[in-house]
Amino acid sequence: MLHTKIIDIKKDEIKTSIAEAFIKSSSYGASIIFNGTVRNINENKEVIGITYDSHDELVLKSFEEIYKETTEKLKIIDKAVFIEHIKGYVGLGETSIIIAVACKHRDEAYVLSRYIIEEIKKRSPIWKKEHYKNDESEWLKGNPCLLYTSDAADDMQCVDLGGRRIIKK
């Protein structure tokens, strides 16, 4: 069971209560809700917020691929997974991503949650622009999906060149 969504912060909000309701089941003995939030310091710079940008279609595809891999690689078959990520500006201490998982056993839930967040950080075309206390901002080096081709994505390519986003179709 999988739920994935990109939340446009201008139109909607990200809510832990929705994640909790999605994974709730008496079939599972363990559940974990991970909330990724904007922290105040990154690389010795005082952060006041982050603007997230993404290629929504490819991000959702990557979430689905990661979910499918958990069955093959982790051998976790019976599970519920909820993934939502923000698109837009997120202030200090606010949530940018929610990953909620439920499994029969706690060891599966911990492994599953950790695998999902690490794979998203490595592979999903989501870019961050940090905003600093000194009124400066910069796009951070993102996760390139160089020459990523997909029938569903209509042969789209994403490239990250030192923090700059380029999306081709």
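**Exercise 1. Find the charge that lies over the face of Tyr67, and give its distance from the ring centre.**

Solution. Lys79 lies over the face of Tyr67, 4.9 Å from the ring centre. The criterion asks for NZ of Lys or CZ of Arg within 6 Å of the ring centre and within 35 degrees of the ring normal.

Before you go on, two notes: this is a predicted model, where local features need pLDDT of at least 70, side-chain atom pairs count only at pLDDT 80 or more, and totals for chains, interfaces and linings use all residues. Residues are numbered from 1 along each chain as its sequence is written, and side-chain values use heavy atoms, with hydrogens and water left out.

**Exercise 2. Work out which residues form an aromatic pair, and which parts the pair ties together.**

Solution. Start with the rule: rings of Phe, Tyr and Trp (its six-membered ring) pair if their centres lie within 6.5 Å, with planes under 30 degrees apart stacked, over 60 edge-to-face and the rest tilted. The count by this rule is one aromatic pair. Phe22 and Phe82 form this tilted pair, at 5.9 Å centre to centre and 55° between the planes. Next, place the partners: Phe22 is in helix 1 (residues 16-23) and Phe82 in strand 5 (residues 79-91), so the pair ties together parts 60 residues apart in sequence. Helices (H or I, at least four residues) and strands (E, at least two) are DSSP runs, numbered from the N terminus. Finally, check accessibility: Phe22 is partly exposed at 22% relative accessible area, whereas Phe82 is buried at 1%. Buried means under 20%, exposed over 50%, and partly exposed in between (1.4 Å probe, protein chains only).

**Exercise 3. Describe the surroundings of Glu119: is this residue buried or exposed?**

Solution. First locate Glu119 in helix 3 (residues 106-123). With 10% relative accessibility, Glu119 counts as buried. Then look at its side chain, which makes a polar contact of 3.0 Å with the side chain of Lys122. Such a contact is a pair of N or O atoms within 3.5 Å; within protein, one must be able to donate a hydrogen and the other to accept it, and residues adjacent in sequence count only if both atoms are side-chain atoms. Leaving out residues up to four places away in sequence, Glu119 touches Ile66 and Ser124, where contact means heavy atoms within 4.5 Å.

**Exercise 4. Trace what surrounds Ser31.**

Solution. Ser31 belongs to strand 2 (residues 30-37). Beyond its neighbours within four places in sequence, Ser31 contacts Ile23, Val101 and Ala102. To finish, take the C-alpha atoms of Ser31 and Lys104: they are separated by 8.7 Å, with the two positions 73 residues apart along the chain.
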